[in-house]
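This briefing introduces a protein structure and a ligand to a reader who has not met them before. Please look over the sequence and the model below before reading the points that follow.

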Amino acid sequence: MRDLVRETRLDPSNFILPMFFDENLEKDRMTASMPDIPTHPLSGYEDMANKIEESGVSSVIVFGVPKEKDACGSQAYAQNGVVQKAVRGLKENSGLLVIADLCMCEYTDHGHCGILREDGYVDNDRTIELYGEIAVSQAEAGADIIAPSGMMDGQIAAIRAALDDAGFVNVPIMAYSAKYQSAYYGPFRDIACSAPGKGNRAQYQMDPANRREALREIESDIQEGADIIMVKPAGPYLDIIREAADRYPVPLCAYQVSGEYAMIKAAAANGWIDEDRIMMESLLGIKRAGADMMITYYAEKAARMLRGE
Ligand code: PBG
Ligand code: ZN
């Protein structure tokens, strides 16, 4: 009877798995704070994609760690940059839908999401010009969706214009619209080696205390041409997810971030919680709050569980 009256169901088709690639690697590298999430070398695409597709997951979002970092993040828009290569490798060797994360923090030597001015502030307008170049290079590599995560003002309009000018009118944008300045990104920065050297991301990411500001950010992204909007992190911001889902007739994604995953993993490793049940409950909560799709490090494991494995 519970099955009959259940209101919310998780489905592997709604999951997006984050994937990391590092140009410096010959084989997978593990990160202590992110159990079971390998960083891959730029090879062996077919095997890694097969494993994901077998679980029932069909979408991934790709992040890269480059060999060289510099002040202007030039590897982010290099034709043969790490993400461009990884996207090409995955598209040529699998049927996965490949989303490219678009930001500069993994590529700048200072670790900020854009170009810095001399006074230490991000140069917003110069940065979004470069975002346009990154987007085009990712689309040329075969990315199905471009997902800008830098939270610069006007980034969606700049990227849409750059993609259109280059002929990529059919490549959609998934906007990290309401991205909070969150401590939950800690383990991700261990993997991506992208913690800012000086300062923090408060000049571009949102104050966790603000709700109306999130709605304004989402609204301007939709006006600028976002095809999918996102709230990030997910678990601590379920109220924002619910409000965005009620208000905007646009597909809504939520990102269960590295810290949310790492906390469950750590408690489970201590035997303090039931990992499988907490995993499912945390994802169900995100979906019940109104997310149409979710980016989660549990994508593969949860998909296998849903298929009864
Ligand atoms: C880069 C980016 C970050 C995440 C996704 N894209 C880190 C950050 O803003 O510091 C975080 C993802 C996670 O914690 O799982 N802008
Ligand atoms: Zn960034």
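The notes below take up the ligand, the enclosed space, the open pockets and two features of the backbone.

This is a predicted model, and every value given here is computed from it. In this model the space taken by ligand 1 is the largest cavity, and the protein buries 100% of the 400 Å² that ligand 1 exposes when taken alone. Apart from that enclosed space, the protein has a largest pocket of about 370 Å³ and a second largest pocket of about 180 Å³.

**The ligand and its surroundings**

- Ligand 1 is surrounded by 17 residues, of which the closest are Lys179, Arg189, Lys232, Ser258 and Tyr297.
- Sorted by class, the shell around ligand 1 is made up of 9 nonpolar, 3 polar and 5 charged residues.
- Two of the closest residues reach oxygen atoms of the ligand: an N or O atom in the side chain of Lys179 is 2.8 Å from an oxygen atom of ligand 1, and a polar side-chain atom of Arg189 lies 2.7 Å from an oxygen atom of ligand 1.
- The side chain of Ser149 has an N or O atom that is 3.2 Å from a nitrogen atom of ligand 1.

**The enclosed cavity**

- When the whole structure is searched, 1 cavity of 30 Å³ or more is found, and the space in the largest cavity comes to about 150 Å³.
- The largest cavity is lined by 19 residues, and those closest to its centre are Cys105, Lys179, Tyr185, Phe188 and Lys232.
- Among the elements of secondary structure, β6 (174-179) and α6 (186-192) each give at least two residues to the lining of the largest cavity.
- In the lining of the largest cavity there are 9 nonpolar, 4 polar and 6 charged residues.

**The open pockets**

- The largest pocket is lined by 20 residues, with Leu17, Asp36, Pro38, Lys51 and Glu300 closest to its centre.
- At least two residues of the lining of the largest pocket come from each of β1, α2 (45-55), α9 (258-269) and α11 (299-306), and the lining as a whole divides into 11 nonpolar, 2 polar and 7 charged residues.
- The second largest pocket is lined by Arg2, Arg6, Glu7, Thr8, Leu284 and Arg288, a set that divides into 1 nonpolar, 1 polar and 4 charged residues.

**Two features of the backbone**

- The peptide bond that leads from Lys232 to Pro233 is cis, with omega near -10 degrees, and Pro233 lies in the loop between β7 (228-232) and α8 (238-247); Lys232 is also one of the residues closest to ligand 1.
- Asp36 is not a glycine, yet Asp36 has a positive phi of about 70 degrees; Asp36 is placed in the loop between β1 (15-22) and β2 (39-40), and Asp36 is also one of the residues closest to the centre of the largest pocket.

How values were computed: Residues numbered from 1 in each chain as written. Chains lettered and ligands numbered in written order. Predicted model: local features only at pLDDT ≥ 70, side-chain atom pairs only at ≥ 80, totals over all residues. Heavy atoms only, no water. Near = heavy atom within 4 Å. Polar contact = N/O pair within 3.5 Å; in protein donor to acceptor, adjacent residues only side chain to side chain. Areas by Shrake-Rupley, 256 points an atom, 1.4 Å probe, with all protein chains shown as cover. 1 Å grid on protein atoms, 1.4 Å probe; cavity = no way out; pocket = protein on both sides within 12 Å on 5 of 7 lines; lining within 4 Å. Sits in = over half its atoms within 2 Å of the grid points. Nonpolar A, V, L, I, M, F, W, Y, C, P; charged D, E, K, R; others polar. Points joined across faces, edges and corners; volume = space filled by probe spheres on them. Helix = DSSP H or I, 4+ residues; strand = E, 2+ residues; numbered from the N terminus.
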